[in-house]
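Here are a few short exercises to work through with the model open beside you. Take them one step at a time.

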Amino acid sequence: MADVVIVGAGPAGIFAAQEIDRLVPGLDVVIVEQGRDIKDRTRSGQDILMGWGGAGAFSDGKLTIATDVGGHLGSLIGEEDLLGLLEYVEKIYSGHLVNGDLFDISDDEEARISARARFAGMLYVPTRIRHIGTENCYAILREMRDELQGRIKMRFNTHVEDIVVENECVRGVVLDNGEIIDAQYVICAPGRVGSSWMASQAGSLGVASRPNPVDMGVRVELPSVVMEDLTSVAYETKFIYYSKTFDDPVRTFCMNPHGEVVRETIGDLVTVNGHSWANKKTSNTNFAILVSSGFTRPFDDPNGFGRFVAGLVNMLGKGVIVQRLGDLLGGRRTTSSRLDRCTTRPTLTQAEPGDLSYCIPYRILTDILEMLACLDDVCPGVNSKNTLLYGLEVKFYSNRILLDKRLQTGIKGFYVIGDGAGITRGLMQASCSGVVAARSVAEERGHPFKPA
């Protein structure tokens, strides 16, 4: 038996555990994680997404203090409350740091970049970011695990099969070994890797949900000097573009100055991502261009569509495909010899030279090429023949679960948080959602949160 079971030890689950321990010390909390303990994790295969710290452990470590990026939590709790939570969470992360660069763009710089973006037909989204680096993100999450040792129970390499509900109240969870943990509260934080499981649980329990769009695109890599004018003052520059041909929303995502491109494994799919280190720099910058794809009747499986497209890329490239932009525009495949002549040296050497036009749908590819042309007006050199495109980058989101402002479902005591709830899309808002659920549990137990 336990008072609280937390499903998933990513940032959402960790911050839920920390906040409960802080507000109601001595409460019997069990965190169940299907992956490995953080000290046993590696940067390969499913390990990069599962285990203590979740995908956040090997992320770039961007602490974005802005309410309009990283999810939809503000639509449930209010923008003002979300901003307060973002600042609270950022202080906890940065409290573990010796240092970490804070990029808080000035009004003059914001106006300058915004004007250039509008001239190019895009919108600029200013953000305040503390960059801690992928190696520091791992170290911080490991410290958090050590701090909770002995204060909460931890179960690794253990999968939760089902949520137990009786009379509209949660009663606990069933583990993959048949064990049942009785609990008054269950906080589900399965992350993106658990999106399919969360959707099936919501369906079987009658919890209302709706599909989120799937984001698909490419990881762009180019010499750092091309973006230096922006990244030196803003670190990550977020642009939104509505394509001329299809009027689709297209955006830049996860910019990594002097970073490297990496592979991710999602089930049997190999996809691409990027990060940057605090103490190691390359001569390249990388970022994603993503197109949000939502669907209307009769199709209601955006994630399935994303998996199909990623599967096509894997079929042709036996993993990740890399292509020079000049080859793509010229209607030819990038070969090893053409890649050798490219002035942008790839940081991901496990990518196969190939032709992305064979596997990325025409509509999405058209959106991406249009945005690259617009970005070239802001940063000349982006639309160069030597810019590298890696595919496929895909972001699978859980169905958006119907939740109240405390992130509780219609089942009493059953909370769903983080990316697994379909309401957050990154480290900071996921962490905030854990705090929201924890404070709700504390209030239920007679320990309401009182602001300092």
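**Exercise 1.** Find which strands helix α7 lies across, then place those strands in their sheet.

*Solution.* Start with helix α7 (residues 224-234): it lies across β5, β12 (214-223), β13 (238-242), β14 and β17, where lying across implies contact, heavy atoms within 4.5 Å. Helices (H or I, at least four residues) and strands (E, at least two) are DSSP runs, numbered from the N terminus. This is a predicted model, in which local features need pLDDT of at least 70, side-chain atom pairs count only at pLDDT 80 or more, and totals for chains, interfaces and linings use all residues. Residues are numbered from 1 along each chain as its sequence is written, and side-chain values use heavy atoms, with hydrogens and water left out.

Next, read the open sheet of eight strands in order: β5-β13-β14-β17-β12-β20-β18-β19, with mixed pairing; strands pair if DSSP finds at least two bridges between them. The edge strands, each paired on one side only, are β5 (123-125) and β19 (352-353).

**Exercise 2.** Work out how β14 and β17 run relative to each other, parallel or antiparallel.

*Solution.* Strand β14 (residues 249-256) and strand β17 (residues 284-293) run antiparallel, joined by five bridges. Within this pair, Val250 stands opposite Val291 in β17.

**Exercise 3.** Check the length of helix α8 against its expected span.

*Solution.* The expected span is 1.5 Å times one less than the number of residues. Helix α8 (residues 302-317) has 16 residues, so it should span 22 Å, and its end C-alpha atoms are 23 Å apart, which agrees. Just after α8, Lys318 takes a positive phi of about 55°.

Terms used
Axes fitted to C-alpha atoms, helices over the stretch in contact; angles between N-to-C directions.
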